Each structure stands twice: as structure tokens, then as C-alpha cells.
Amino acid sequence: MATQTKVRIRPLHDRVIVLRLDEGEQKVGGIIIPDTAKEKPQQGKVIAAGSGKAKDNGKRVPLDVKAGDTILFGKYSGQTVRIKGDELLVMREEDIMGVVEGR
């Protein structure tokens with residue numbers, strides 16, 4: 001019997017780990033679009049955030065996002081990785097366009 005272990009990921013420097021949020025079933029004129037033809041969502045939830053970018057003087061600039069934030073990012077932002085069946089994105093903070101507030 002297999003047991004599922006929880007994997008912890010700690011991104012380095014100014015990188016964040018993002019889980020894409022589902023936008024629900026898409027319909028166009030009453031036609032249901034199959035999963036393979038849908039565009040990937042451009043919203044996600046930050047799972048983990050790095051400690052910040054290191055400056056030349058050795059100090060770190062903290063990130064503006066934190067774990068739990070819902071963010072908007074570009075269509076082709078980040079690198080997709082699969083961990084324990086979950087598809088996650090690893091991206092730099094500069095690829096994030098904004099934080100969704102008051103949802």
C-alpha cells in the first residue's frame with residue numbers, strides 16, 4: 001500500500017512556486033471546449049516564495065509576494081514542473097504582473 005508523502009519545496013532567491021488556478025469549464029456559443037484546446041489560466045496561488053534577491057552589497061531585497069497570495073502572470077511565464085502529480089510553475093518575481101486582492 002503506497003502512502004503519499006508531502007513534498008516541501010523552498011525556492012531560492014527571487015523565485016516563487018505557483019499552482020495554477022482552474023478557471024472552470026469554458027463554453028463558447030453552447031459548445032464545451034475540451035481540455036486540450038483550452039488556454040492555460042494566467043492566475044495562480046503562490047505556494048512558496050524565496051528569501052529575496054541579493055544585491056551587490058550582500059543585503060537581500062525581500063519579495064512583494066508571499067505564500068497564499070493569488071497572482072496574475074503572463075501566458076508564457078515560468079517553467080512548468082511536475083511534483084507528485086501536481087503541475088507547478090517556478091517563476092521569478094519579475095514575471096508576476098500583480099496580486100489579486102479582495103477576492
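Q: How many helices and how many strands does the protein chain have?
A: In this predicted model, the secondary structure read along the sequence is a run of β elements, β-β-β-β-β-β-β-β-β-β. The count for the protein chain is therefore zero helices and ten strands.

Q: Where does S77 lie?
A: The strands that flank S77 are β7, covering residues 70-73, and β8, covering residues 79-83. S77 belongs to neither strand but to the loop between β7 and β8.

Q: Is S77 buried or exposed?
A: A residue is called buried when its relative accessible area is under 20%. S77 has a relative accessibility of 12%, and because this falls under that cut-off, S77 counts as buried.

Q: Which residues is S77 in contact with, leaving aside its neighbours within four places in sequence?
A: The side chain of S77 reaches the backbone nitrogen of G74 at 3.2 Å, but G74 is within four places in sequence and is left aside here. The contacts of S77 that remain are with L89, M91 and D95.

Q: Which strand of the protein chain has the highest confidence, and which the lowest?
A: Across the protein chain the mean pLDDT is 79, with 74% of the residues scoring at least 70. Residues 1-5 have pLDDT under 50, and the model gives them two contacts beyond four places in sequence. Among the strands, the highest mean is 92, in β7, and the lowest is 48, in residues 27-28, which form β2.

Q: What percentage of the residues of the protein chain count as buried?
A: The accessible surface of the protein chain comes to about 7,900 Å², with 49% of it belonging to carbon and sulfur atoms. Of the 103 residues, the share that counts as buried is 23%.

Methods. Residues are numbered from 1 along each chain as its sequence is written. This is a predicted model: local features need pLDDT of at least 70, side-chain atom pairs count only at pLDDT 80 or more; totals for chains, interfaces and linings use all residues. Side-chain values use heavy atoms; hydrogens and water are left out. Helices (H or I, at least four residues) and strands (E, at least two) are DSSP runs, numbered from the N terminus. Buried means under 20% relative accessible area, exposed over 50%, partly exposed in between (1.4 Å probe, protein chains only). Accessible areas come from the Shrake-Rupley method with a 1.4 Å probe; for residues, only the protein chains shown count as cover. A polar contact is a pair of N or O atoms within 3.5 Å; within protein, one must be able to donate a hydrogen and the other to accept it, and residues adjacent in sequence count only if both atoms are side-chain atoms. Contact means heavy atoms within 4.5 Å. pLDDT is the predictor's confidence in each residue, from 0 to 100.
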